[in-house]
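Open the model in your viewer and keep the selection panel at hand. The tour below goes stop by stop.

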Amino acid sequence: MMIDFSMPGPLLVALVLGFFLPIPLWFMTRLSSLRERNPVQFLYAVILTFGVWFLTVAFVPMFAAGGLEDWLVGGMALAGGALVYLEIWGLMSRGYTLSVIAALHEARRPLTPDEIARNYRGGDGLGWIMRHRLGGLEAAGMVTLDDDRVTLQAPGGFFVARLYRLCIQVLGLRSTG
Amino acid sequence: MIATGIIQGIIAFFGYTALLLLLLRVFHKVEATFVVLLAALFIFPVALASFVALAPSVNLWVFSTSYWFLVLSFLMGFGAIYKSLSLRMLLTLLETPTHEKSAESFRKEYIFGDSFNNRLQLMVDQGLAERTDDKLSLTIRGASWANRLVTLQRVFGIMRSG
């Protein structure tokens, strides 16, 4: 019958810190030890932000949590903000389509699809994406690579592939990838 | 009261997933990304109005945070399912009788085949690129996006993407 507009302190702190997450992220990108390690840079920025949020809520009375629910809501807001930036960060550092746009941008002239493929990722070529993704799957123990053969590996590879198939079926998706 | 807001957010999220399962089957010719986003935006005010009408009290911020956190988490997973090359390769291996395949055939099928051409077509469809004869070039809008992307990548020290 009524809408309550009161905002729990931990939620307010989480919204502010979540919005400004790019600032610690920028600092992480300046650390030479984390250079070109984009996922680690993001992870450390999120851990730092959560740490600041926790300390603020725990020790600043003005933003103190009234109970477990306040902590939960604040944590969800901060994690939600991190997810938004993670999506943007993922697109910037791993985006396939954006990299095709960057290849066209760098060339500064019209390119055929074959030329785009060759110029992809600053000249690494489109084959790079294949090596990168297969390398990631191998490191995760989901496939083995033997010369040109890629083999699905039990149990991790089979489990993830079956889970993926189930998700596609449940969602009723006709095309993916 | 706050716990109620969280529960209301969870109920609204389940309403969203139920609606989505129906919509993705009914509108299977529509781009799935639009369906999942529009359904999330549609359910939010409908659920809020329902709780205002039926529940003794609704905390706007707690309900919104709970609902959108769950929706965002779902969208992250959905994005991976819908666009991940790695997952698609794993599924292909699973459905191949010997569970193995040559890297070269993956390269031809996914990288230089559908996936690459779909993305080029998507760029044209969204007005980011245009085709002249057999060549593609960025439109003014595409060049503007590319400039922003490169600037952001420089600011955050991202050397290359892909």
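## After the helix, then back along it

Start at Gly157(B), just after helix 7 of chain B, where phi is positive at about 65°. Helices here are DSSP runs of H or I with at least four residues, strands are E runs of at least two, and both are numbered from the N terminus. The model is predicted: local features need pLDDT of at least 70, side-chain atom pairs count only at pLDDT 80 or more, and totals for chains, interfaces and linings use all residues. Residues are numbered from 1 along each chain as its sequence is written, chains are lettered from A and ligands numbered from 1 in the order in which they are written, and side-chain values use heavy atoms, without hydrogens and water.

Now select residues 140–155 of chain B, which make up helix 7. Its 16 residues should span 22 Å at 1.5 Å a residue (1.5 Å times one less than the number of residues). The end C-alpha atoms are 23 Å apart, which agrees.

Show the side chains of Gly142(B), Ala146(B), Leu149(B), Val150(B) and Gln153(B): these are buried (under 20% relative accessible area; exposed is over 50%, partly exposed in between; 1.4 Å probe, protein chains only). Look down the axis. The buried residues fall within an arc of 95°, so they line one face of the helix (the arc is taken from the directions from the helix axis to the C-beta atoms).

What do they pack against? Select helix 4 (68–94) and helix 5 (96–107) of chain A, plus strand 4 (135–138) of chain B. Contact means heavy atoms within 4.5 Å.

## The hairpin in chain B

Strand 4 of chain B pairs with strand 3 (residues 129–132) of chain B, antiparallel, over 4 bridges (pairing needs at least two DSSP bridges). Thr132(B) faces Lys135(B) across the pair. In the turn, 2 residues separate the strands, and Asp133(B) has a positive phi of about 55°.

## The hairpin in chain A

Move to strand 2 (residues 143–146) of chain A, antiparallel to strand 3 of chain A over 4 bridges. Asp146(A) has Arg149(A) as its bridge partner. Asp147(A) takes a positive phi near 50° in this hairpin, with 2 residues between the strands.

Next, follow strand 3 (residues 149–152) of chain A. Val150(A) and Leu152(A) point to one face and are buried; Arg149(A) and Thr151(A) point to the other and are not.

## Across the chains

Finally, add strand 2 (residues 100–102) of chain B, joined to strand 3 of chain A by 3 antiparallel bridges. Thr151(A) stands opposite Glu100(B) here.
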